[in-house]
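User: Could you take a close look at a single part with me, the place where one chain touches the other? I'm new to this, so please explain the words as you go and show me how that part fits into the rest.

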Amino acid sequence: MGSLLNYIIRRILFAIPVFLAVSIITFLVTNAAGDPVQIVRLGIRNLNPAQLKAIQDYFHVNEPLYTRYFLWLADLLRGNLGQSLYSGSVAGKVVPWIGSTLELQIPAVLLALAIGIPIGIYSAKRQYSKSDIAVTTTAIFGISMPTFWLGINAILIFSLYLRWLPSFGAISPYPPWWWGNIYTDQLAHIIMPLSVLTFVSLAAIVRLIRSSMLETLRQDFVLAARASGISDFKVTYKHALKNAVTPVVTVVGLTFGTLLGGAPALETTFGWPGLGYEFVLSATILDLPVVLGITMIISAMVLAANIVTDLVYALMDPRVRL
Amino acid sequence: MNSKETQYTRRSAGQWAVAWRRFKKNKAGLAGLAIVASFAVLAIYGLLLDPVPARSFGCLYQGCTNLPPFVDSAHPLGTENSGIDVWNEIIHGSAGDLYVGIGATLISVVIGLLVGAAAGYRSGVSGAVLLGLTQIFFVLPVLVIILLFAKIFLFLVAQGLALSLIVLTLGIFGWPLFAFIARGEILRIRELEFVQAAKSLGASGSRTLFRHIVPNLLSPIIVLSSLAVAANIITEVVISFLGFGDPTTSTWGLIIQEGFDHIDSSWWVAFFPGIAVVICVLGFNLLGDGLSDALNPRLRE
């Protein structure tokens with residue numbers, strides 16, 4: 001257990017330089033857009049000199065770039081994300097949407113795992129059978145589809161043609177609620193984005209489990225287990241799966257990152273009030289402090305997901321802890 | 001000496017011939033190749049012959065806006081709200097999207113191979129640095145950063161250049177995976193018996209690297225490239241769909257966005273270009289899978 005604790009500490013220490021590097025890159029990118037004063041001027045034509053001065057002072061426009069970075073970083077570490085270029089604080093614009101993004105992402109990953117692992121195993125056990133071909137064909141179509149386009153088709157069919165489900169938002173702004181009350185209304189809103197997201201991540205997980213399982217089933221220890229008379233079920237689910245699933249853990253960690261990063265298009269399609277949608281809205285009007293805040297929050301979430309993934313990996317495979 | 005040299009050349013050519021023979025048997029891989037080739041033809045047709053200019057609003061004055069598909073043979077897939085022909089946009093979009101997909105992948109491969117080879121050849125500190133760098137790129141919400149870049153580029157520079165800048169950005173953010181794979185493969189191959197044998201026969205360092213290590217390194221890189229083109233095309237479609245792309249160049253994402261704005265009146269504008277995306281990306285994915293089967297027979301049977 002000592003080695004595991006050691007591993008956790010090392011992993012978290014390693015995350016610090018990564019986080020700093022990410023913060024430097026995002027800060028530089030957002031600053032490439034130029035002077036905040038100029039951007040505000042695109043929206044508000046007649047700033048009076050006092051307002052101009054206030055904006056310049058607030059964003060430390062006259063300081064060199066590295067000073068601005070450290071001032072921003074110091075604020076960030078104190079939990080202060082700063083002010084939006086337009087109105088309100090960044091935190092006020094961003095924090096409320098973290099929950100609704102996770103509300104969509106976490107169930108999607110869990111559902112995809114719960115459905116994908118059995119399908120992947122089933123498909124690997126019957127390689128080149130009709131059902132395997134059906135599964136692999138569906139899966140390769142799944143990974144070849146932009147998530148948002150699948151979402152558009154779902155909206156076409158279920159909202160515009162059949163009129164079964166709402167196409168926009170996480171909740172109706174006012175009654176009548178879908179299917180009776182406020183809870184079923186939320187359920188009706190989440191069904192389509194959640195299914196689309198699950199299907200796309202499912203495709204990736206099935207392909208991964210299948211190929212990993214195929215490779216594992218061919219190894220000597222599986223043959224040895226079979227030779228010693230252990231039942232097929234036990235060999236598959238106990239001996240082989242344990243080994244086949246470890247590489248999948250890493251990829252699921254990465255998938256989560258991609259899902260969060262891929263959220264902008266899906267959330268925009270469904271008008272889902274999450275971080276990705278807020279990002280698109282803010283970036284479109286070049287509200288850089290908000291954009292910077294969202295990028296850092298998503299990075300921190302991905303980093304946390306990666307650490308959790310690595311821990312799960314270390315628990316499953318003791319060799320990693322060394 | 002001479003006969004040995006020819007024998008060697010024949011065998012090394014044989015390696016690729018064997019792979020091709022294996023690839024030919026793979027129907028899915030061949031289908032992928034055919035799809036990719038057809039899109040390349042479509043893109044070249046659009047670029048060279050250019051029968052109808054991209055994003056032409058001609059229909060606006062002839063009263064054929066918002067035309068449903070399969071009605072008018074001049075506009076087989078219908079027209080958009082402002083008279084843009086959907087099929088024509090698919091043709092011109094394939095040039096744009098292949099440019100982004102392949103161009104960005106080439107940049108990633110070149111940077112990735114150079115960095116990966118440098119790190120693999122001198123393991124130790126550089127290996128740890130590379131590992132740290134790839135970690136950073138895994139954590140960075142790359143799509144979000146690329147969207148930001150695209151937006152800023154569009155804000156700062158001439159619009160005609162924006163697509164090339166997206167290629168550059170995607171390429172720069174795509175290399176770490178290639179470097180990671182290249183380094184791992186070099187570390188592995190370097191210790192294999194045939195490399196040791198070549199070295200003990202007196203092969204020079206560069207000969208060992210280019211004749212023995214690199215050809216074996218290429219197969220995972222080729223497979224990964226095909227999949228990376230697919231991923232880059234999807235990213236480009238997302239960028240244009242969200243309105244962060246170049247509004248003056250035809251891409252599939254742009255016309256899907258226009259279709260989505262009028263989704264309740266003309267479904268075909270978002271639907272058909274999306275089909276083009278799916279088929280093209282599927283082609284590159286099938287090609288990648290086929291190449292993987294052909295180049296790594298270990299995984300087959």
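Analyst: Let's start with vocabulary: helices (H or I, at least four residues) and strands (E, at least two) are runs assigned by DSSP, and they're numbered from the N terminus. With that, chain B reads α-α-α-α-α-α-α-α-α-α-α along its sequence, which comes to 11 helices and 0 strands. Chain A has 12 helices, again with 0 strands.

A quick word on what you're looking at. This is a predicted model, where local features need pLDDT of at least 70 and side-chain atom pairs count only at pLDDT 80 or more, while totals for chains, interfaces and linings use all residues. Residues are numbered from 1 along each chain as its sequence is written, and chains are lettered from A, with ligands numbered from 1, in the order in which they are written.

Now for the part you asked about. We'll say two residues are in contact if their C-beta atoms, placed from the backbone, lie within 7 Å. By that rule, 43 residues of chain A touch 38 residues of chain B. On the chain A side, at least two residues each come from helix 1 (2–32), helix 6 (130–143), helix 7 (147–161), helix 10 (232–269), helix 11 (275–284) and helix 12 (288–316). Helix 1 of chain A gives the largest share, 9 residues. What kinds of residues make up this side of chain A? It has 31 nonpolar, 11 polar and 1 charged. Here Ala, Val, Leu, Ile, Met, Phe, Trp, Tyr, Cys and Pro count as nonpolar, Asp, Glu, Lys and Arg as charged, and the others, Gly among them, as polar.

Helix 1 of chain A turns up again inside its own chain. Chain A is divided into domain 1 (2–77) and domain 2 (98–321), with bounds that come from an automatic or database domain assignment. The centres of these two domains, taken over C-alpha atoms, are 32 Å apart. Contacts link 18 residues of domain 1 of chain A to 13 residues of domain 2 of chain A. Helix 1 and helix 2 (36–43) of chain A each supply at least two residues of the domain 1 side, and helix 1 of chain A gives the most, 14 residues. That side of domain 1 divides into 13 nonpolar, 4 polar and 1 charged.

Helix 11 of chain A, another contributor to the side that touches chain B, deserves a look too. A residue is buried if 20 or more other C-beta atoms lie within 10 Å of its own, exposed if 12 or fewer, and partly exposed in between, with C-beta atoms placed from the backbone. In helix 11 of chain A, 8 of the 10 residues are buried, so this helix is largely enclosed by the rest of the structure. Among them are L275(A), Y277(A), E278(A) and F279(A). After helix 11 of chain A comes L286(A), which has a positive phi, near 55°.

To set this part in context, step back to whole chains. Of the 322 residues in chain A, 38% count as buried, and for the 301 residues of chain B the figure is 48%. Among contacts in chain A between residues at least 6 apart in sequence, 70% join residues at least 24 apart; in chain B, 73% of such contacts do that. The C-alpha atoms of chain A fill a box of roughly 85 × 55 × 30 Å along the principal axes.
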